[in-house]
Structure formats: structure tokens, C-alpha cells
Amino acid sequence: MAATAPRSVCPVGATLGEGPLWLARDAALWFVDIKGKRVHRFDPDQGMLKSWPAPSQPGWILPIADGGLMVGLQSGLHRFDPATGTFDPHLAPEPHLPGNRLNDATVAPDGQLWFGSMDDAENAATGRIYRLARGQAQAAAAIDPVVITNGPAFAPDGRTLYHVDTLGGRIHAFAVDDDGAPGASRLFATIDPADGHPDGPTVDSEGCLWIGLFGGGAVRRYSPAGELMETVRFPVANVTKIAFGGDDLRTAYATTARKGLDECQLAAQPLAGDLFAFRVDTPGLPVQPIRINHPG
């Protein structure tokens, strides 16, 4: 049975909605508006949205094992306290690249944080993938710099890492060694520019990879072998990333964006930038919290 049709569940109108995170302890969907410099929390049971201003562009939000939250801001990793709305600096991985910002992230099955950077002007190949090990950001040497990184994402067993080169239209799969570092790679899938740009990746419990298509008005589901299995169409052009939520992890929440749309396109896409949801057959995986001092 195919996924249900996506519907807008929160009319937030984000300029660049991204980083969806289902946090079971809150029974809520967290996400960010990068260009709007906001962190959002949506309570689906109450239909309520709460928002916090960020001091710089937030790319993502993830839980920490001690119960806190980590946000990737343009200036680096920050601990975020929703009770006070404060962002406390934790680590700046690229102080030498002020034109970069953090863009996407994931937590490996072993609790290690992986995150990417990108050129905010979307011109220079200065975007790298990092992992947080022993409290330090270590660049993944096996992964070449690109203009816009997305992901990474991990297979359920943690032995395959997926990296998205958004402007290059390529998704690569890297074998992960016993030390948790990426090694040999293979081209997993290519996306024709006419079909959109591959954006945020998410893996479900069967190990299939879901990709948002920016400018493509859809998300795609690929098998672990890279075979296209399903396409879910949206009434908006820019779909950025999905996260699996709800009690059964079978509600897929999708962030979208108004960025890059002109007045005519926005008039034709009144739901652009909203948070969407649709139902799927295969559940997702619970998000692992970050282990800050992972030995790595």
C-alpha cells in the first residue's frame, strides 16, 4: 500500500523549513526555519506551534543523552534550553570559514553526532562532513568537500553512511569501518536536475532511504541497493526533509520552504513553507541521543 497524500498540519510558512525531529519524550515535532532564524516545536495532539528566535541561522536540532538539546547554528554547535530560550556555545568547527553554516545532521546508532557544513552563498565547495568524537569535531577525510552537504544518514546497523551532494545531484553510500569512520564509497543514486535537488535524507526501519526533493515537489524512497521504490508528491515545490513520528513512527512529517519562489509561484503554492504529514507502511527509527564525549 502506498503512502497517503501529504497534508499541511502546521501553517508555519517557513522561508527554509528544515531539520525535522520527532522527540518521543515531548510527543512533538521539532524543526527549524534556517533563513527565518527560528526553532519550532509542533504538538500534533494540540495542534499548537511554539517558536524561539535563534541568534544565527539554525540548520538542525537533536537530543542529547543528558536530556538537553543541541542546535547547529551558523556559528557552530550550541546547547539550547527551551525553558529560557538561550543558546550556549559548545563547539565552533569552522572559525576559519565565516561564510559557511551548519546545514544537516544525524546521530549514528552508537550515539555519535555527525553533521555537515556548507557555503551559505551556495557557490564554493567548502562544505564538509564532521563527527563529534572525544568532544572534538573531526572532519571525515574520506568525504570530499562539496558546496551543499545534506545528511549524513545511517543504515540501521550503522555500517553504511549516506552523504548527499545537493548541487551535484548525487547520493553516495560509504562503508563504515569498525572505528566508525567512512571508508570505501559507491554512487548510491543520481537525481536529474529536472526532478529537483536531493535534500535531507532519512532512513526507515527497513533500511530504505527517503530523500526530499528541493524544487521537485516530492520525496522519494530508495531501497538499500539504490532502487527507486516510491515517490510521494506534494502540492509545493520545495520539500526539504522528513522525520518519522507518532506513537508508531509511521507518520512522516515533512518540512518545506518558500525560499527561491517568486510571487507567481507563491500565489500558486499557498502552502509553501508549511509542515506536512503523511502516513507510511514502514515505520521509521527512534532518534538516538547524542553522546557528547563519544570515544569515537
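These are my notebook entries on a predicted model, arranged by topic.

**Entry 1. Sheet with strands 1, 22, 23 and 24**

I began with the strand that holds Cys 10. An open sheet of four strands runs in the order 1-24-23-22, and its pairing is antiparallel. I noted strand 1 (7-10) and strand 22 as the edge strands, each of which pairs on one side only. On average, neighbouring strands of this sheet are turned by 35° against each other, direction ignored.

I then looked up the contact of strand 1 with strand 24 (residues 275-279): the two run antiparallel and are joined by three bridges. Within this pairing, Cys 10 has Leu 275 of strand 24 as its bridge partner.

**Entry 2. Cysteines**

I searched for disulfides and recorded zero in the structure. I also looked up the accessibility of two cysteines. Cys 10 has a relative accessible area of 4%, and because this is under 20%, I list Cys 10 as buried. Cys 208 is at 3% relative accessibility, so Cys 208 is listed as buried by the cut-off of under 20%.

**Entry 3. Sheet with strands 10 to 13**

A further open sheet consists of four strands in the order 10-11-12-13, with antiparallel pairing. Its edge strands are strand 10 (100-107) and strand 13 (136-139), and each of these pairs on one side only. Direction ignored, I recorded an average turn of 30° between neighbouring strands of this sheet.

Inside the sheet I followed strand 11 (residues 113-119) and strand 12 (residues 129-133), which run antiparallel and are joined by three bridges. Which residue of strand 12 stands opposite Phe 115? I found Tyr 130 in that position.

**Entry 4. Glu 122**

The loop between strand 11 and strand 12 contains Glu 122. I noted the backbone of Glu 122 since its phi is near 60°, a positive value in a residue other than glycine. Is Glu 122 buried or exposed, or does it fall in between? The relative accessibility of Glu 122 is 29%, which lies between the cut-offs of 20% and 50%, and therefore Glu 122 counts as partly exposed.

**Entry 5. Leu 249**

I looked up a further positive phi outside glycine and found Leu 249, at about 55°. Leu 249 is in the loop between strand 22 and strand 23 (251-256). Leu 249 counts as buried because its relative accessibility of 16% is under 20%.

**Entry 6. Hairpin of strands 20 and 21**

Strand 20 (residues 218-222) pairs with strand 21 (residues 228-233) in the antiparallel sense, over five bridges. In this pairing I located Val 219, whose bridge partner in strand 21 is Val 232. The two strands form a hairpin, and five residues lie between them. Gly 226, in the turn, has a positive phi of about 90°.

**Entry 7. A cis peptide bond**

I checked the peptide bond from Gly 151 to Pro 152 and recorded it as cis, with omega near 5°. Pro 152 is found in strand 14.

**Entry 8. Largest pocket**

I recorded a volume of about 510 Å³ for the largest pocket. The lining of this pocket comprises 29 residues, and those closest to its centre are Thr 106, Val 107, Thr 202, Leu 285 and Val 287. Which strands each supply at least two residues of the lining of the largest pocket? I listed strand 2 (17-23), strand 6 (58-63), strand 10, strand 14 (149-154), strand 18 (197-203) and strand 22 (239-245). By class, I entered 23 nonpolar, four polar and two charged residues for this lining.

**Entry 9. Second largest pocket**

The second largest pocket has a volume of about 210 Å³. Of its 14 lining residues, I noted Glu 122, Ile 148, Asp 199, Phe 214 and Lys 259 as the closest to the centre. The elements that give two or more residues to this lining are strand 10 and strand 18. I divided the lining of the second largest pocket into five nonpolar, four polar and five charged residues.

**Entry 10. Cross-references**

Strand 10 is an edge strand of the sheet 10-11-12-13 and supplies at least two lining residues to the largest pocket. Strand 10 likewise gives two or more residues to the lining of the second largest pocket. Glu 122, entered above for its positive phi, is among the residues closest to the centre of the second largest pocket.

Note on methods: Residues numbered from 1 in each chain as written. Predicted model: local features only at pLDDT ≥ 70, side-chain atom pairs only at ≥ 80, totals over all residues. Heavy atoms only, no water. Disulfide = S-S within 2.5 Å. Buried < 20%, exposed > 50% of the residue type's maximum accessible area, 1.4 Å probe, protein only. Pairing = 2+ DSSP bridges. Axes fitted to C-alpha atoms, helices over the stretch in contact; angles between N-to-C directions. 1 Å grid on protein atoms, 1.4 Å probe; cavity = no way out; pocket = protein on both sides within 12 Å on 5 of 7 lines; lining within 4 Å. Points joined across faces, edges and corners; volume = space filled by probe spheres on them. Nonpolar A, V, L, I, M, F, W, Y, C, P; charged D, E, K, R; others polar.
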